[in-house]
Amino acid sequence: MDRRRQRPAAVAARRRRWDRALLLVAVVYAFVVATTTSGSGEPRVSGGLFLLCAAPLLVGLVLAVRRPLDGWRLSLLGLVLTGYVLPPPPAPAPVLEGWQWLLWCPVLLAAAWASARRVSVGVAVVSLVLVTVLGATTPWPVDLRLTLPIGVVGVLASLVVGGSLGARWDARRALEAEQARTAEAQAARGALAERARIAREMHDVVAHHLSLIAVRCETAPYRLAPLDERAGAELAEVAGTARSALTELQRLLGVLRTEDQSAERAPQPGTADLGELFAGVRAAGTDLEVSVEDVDLPDTLGLTVYRIVQQAVSNAAQHAPGAPVRVTVGRADGVLRVEVVNGPGRAPGTAGAGAGLAGMRERAELHGGRLTAGPTPDAGFRVLAELPLAEVAG
């Protein structure tokens, strides 16, 4: 499965785990506040009436984990009930008591965190109005000069902190989403560029064979003379078709080339050139172990094998400098296996954009094969390409 398809599922699973953890924390927190308050020994905050009035605050706190605004609305109901239904305290009390703030502040934080700025302003206005009305109309004496400013500061502080944390969280999520989109766009551009490069290389291989066909057909009347008139005409027609196909290939290649890319003048490499590649790698100081079976491959498949080995060895040198590298090329059950394994690097390597792996995968899929790459148990890295050999004679 594509990693880009796995990512949303992994994010959703992690989000569900966080939601369950926060829900559990909210339930435990509400239970601790309720039991601590009801066990304080004060008659007015104990018994069934207290639990009935405090229930909207307790449930509102738990509900705010998933639906913050609904939890806030339910908490307002709880504040009204505790303000007008509970019996008055024996001495003057603030507008909202400590246990009420302990249950209401997290709800305000959640509401400001999850809501847009206009909604947060509405939550602030309604909350401040409720605190003011409760302070002016509760059946017990309240010193508004002291407790009302404390209530206003408590509401605004909770909302400002929640809004700031929510804005920071949203900005972080937007940045991560933009980074993911940028990475996907870069991967797509890299894949297109690699496909264009593969097409250019395949053109060079096919053009070589078409040129040979045209030349042999054109020189056949001189090399195989005498030829009858019909055979000569047939060969001339084949040569003309080959020349036309070669011209069309060159025109198509012009679409793929950019202004700074000139035509290749050297023949494309194949498995016969792996020895020279390995010599250069060893000359650079890499501990290289090679096991290459002699297999007669078509030019296009030989080019793919060469490029995969070249890129995999280059990746090993870049990401794991000084690591030993083992290259194995051989047949097994009608499949050509190209394996490049390196151990852990002896010095810090440089990070890459993953374009090399994408290019190798594109080349393997071009021949109906597949490529897998990943870390090994000993902290190394392994690249394995499996290319079908159904039509290849060994």
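# A tour from Trp101 to Glu362

Select Trp101 to begin: its relative accessibility is 16%, so this residue counts as buried, the limit for buried being under 20%. Keep in mind throughout that the model is predicted.

Next, add Trp104 to the selection. Trp104 has a relative accessibility of 0%, and therefore also counts as buried. Both residues belong to helix α4, and because they are 3 residues apart in it, about one helical turn separates them.

Now show the side chains elsewhere in the model too. How many aromatic pairs are there? The count comes to 3 aromatic pairs. In one of them, the ring centres of Trp101 and Trp104 are 5.8 Å apart and the planes stand at 40°, so this pair is described as tilted. The tilted class covers what is neither under 30 degrees (stacked) nor over 60 (edge-to-face).

Move along to Trp113 and select Trp169 with it. These two form a tilted aromatic pair, with 6.1 Å from centre to centre and 45° between the planes. Which helices hold the two residues? Trp113 is in helix α4 and Trp169 is in helix α6, residues 144–223, so the pair ties together parts that lie 56 residues apart in sequence. Are they buried or exposed? Trp113 counts as partly exposed because its relative accessibility is 36%. Trp169, at 41%, counts as partly exposed as well.

Go back to α4 and select the whole helix, residues 98–114, together with helix α5, residues 117–137. Two packed helices are described by the angle between their axes and the distance between the axes. Here the axes come within 9 Å and cross at roughly 155°. The two helices are therefore roughly antiparallel to each other, since an angle over 145 degrees counts as such. The crossing of α4 past α5 is right-handed.

To see what makes the contact, select Trp104, Leu108, Ala111 and Ala112 on α4, then Ser120, Val123, Ser127 and Val131 on α5. Sorted by class, the contact has 6 nonpolar residues, 2 polar ones and no charged ones. Trp104, already seen in the pair with Trp101, is thus part of this contact too.

The last stop is Glu362, in helix α10, which spans residues 355–366. Is Glu362 buried or exposed? Its relative accessible area is 15%, so Glu362 is buried. Which residues does Glu362 touch, apart from neighbours within four places in sequence? Select Ala191, Glu194, Arg195 and Ile198 to show these contacts of Glu362.

How values were computed
Residues numbered from 1 in each chain as written. Predicted model: local features only at pLDDT ≥ 70, side-chain atom pairs only at ≥ 80, totals over all residues. Heavy atoms only, no water. Axes fitted to C-alpha atoms, helices over the stretch in contact; angles between N-to-C directions. Helix = DSSP H or I, 4+ residues; strand = E, 2+ residues; numbered from the N terminus. Parallel < 35°, antiparallel > 145°, perpendicular 65-115°, else oblique. Left-handed = near helix turned anticlockwise from the far one by under 90°. Contact = heavy atoms within 4.5 Å. Nonpolar A, V, L, I, M, F, W, Y, C, P; charged D, E, K, R; others polar. Phe/Tyr/Trp six-rings, centres within 6.5 Å; stacked < 30°, edge-to-face > 60°. Buried < 20%, exposed > 50% of the residue type's maximum accessible area, 1.4 Å probe, protein only.
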